[in-house]
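Biologist: Before I read anything into this fold, I would like to know how each label is earned. Please show it to me, and then I will ask.

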Amino acid sequence: MSEIDHMALALAEARAAAERGEVPVGAVLTAADGQVLARNGNRIVEWRDPTAHAEMLVLREAALKLGNERLTGTALFVTLEPCAMCAGAASLARVEKLIFAAADPKGGAVLHGPRFFEQPTCHHRPSIEWGKQAEDSAGLLKSFFLARRV
């Protein structure tokens, strides 16, 4: 599978999250060979858990699956720029590559806000790519929030 395919899976997870009434964010974690280790979408409302962000869920699942909290060689695909909590978890997990679709000027912590990976206290910095399929992700988020404001 290609990176575009992996982001498409993350977008599918985001759509499923929206159908559950969750903010539509999806994530996929892959091994170095491209194998999908975990995929999920936000489950904050469903689980009544403020930490149940898509990124956190796939990191937890993969760590359990691999029997190791260090997820070296992995790539994390996310439909929205990660928040500080999720950026911190990706750093602690030693994720090698972070790819996200849409930037998040309000809650993001990679390009915006604390710019987590640029801090001297950050022990591990993944390579970062963003903007792939950003329009799809941003459109999904805009539709979700517009429907709630009516």
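Biologist: What makes you say that helix α5 lies across β3 and β4?

Modeller: The term rests on contact, meaning heavy atoms within 4.5 Å. Helix α5, residues 134-149, lies across β3 and β4 (97-102), and runs at about 55 degrees to β4. Axes are lines fitted to C-alpha atoms, for helices over the stretch in contact, and angles run from 0 to 180 degrees between N-to-C directions.

This is a predicted model, in which local features need pLDDT of at least 70 and side-chain atom pairs count only at pLDDT 80 or more, while totals for chains, interfaces and linings use all residues. Residues are numbered from 1 along each chain as its sequence is written, and side-chain values use heavy atoms, with hydrogens and water left out.

Biologist: How many helices and strands are there?

Modeller: The protein has 5 helices and 5 strands, in the sequence pattern α-β-β-α-α-β-α-β-β-α. Helices (H or I, at least four residues) and strands (E, at least two) are DSSP runs, numbered from the N terminus.

Biologist: Which strands are called edge strands?

Modeller: The open sheet of 5 strands has the order β2-β1-β3-β4-β5, with mixed pairing. Strands β2 (36-41) and β5 (127-130) are its edges, since each pairs on one side only. From one strand to the next, the twist averages 15 degrees.

Biologist: How do you know that β1 and β3 pair?

Modeller: Two strands pair if DSSP finds at least two bridges between them. Strand β1 (residues 26-30) and strand β3 (residues 75-80) have 4 bridges, in the antiparallel sense. One of the bridge partners is V78 in β3, which faces A27.

Biologist: Why is there no disulfide between C86 and C83?

Modeller: A disulfide is a pair of cysteine sulfur atoms within 2.5 Å. The closest cysteine sulfur to that of C86 is in C83, at 3.7 Å, so it is too far for a bond. For C122 the closest is also in C83, 14 Å away, again too far. The structure holds 0 disulfides.

Biologist: Is C86 buried or exposed?

Modeller: Buried means under 20% relative accessible area, exposed over 50%, and partly exposed in between (1.4 Å probe, protein chains only). C86 has 1%, so it is buried. C122, at 5%, is buried too.

Biologist: Why is the protein called as compact as a globular protein of its length?

Modeller: The radius of gyration is taken over C-alpha atoms, and the globule rule is 2.2 Å times the number of residues to the power 0.38. The protein has 14 Å, close to the 15 Å from the rule for 150 residues, so the description holds.
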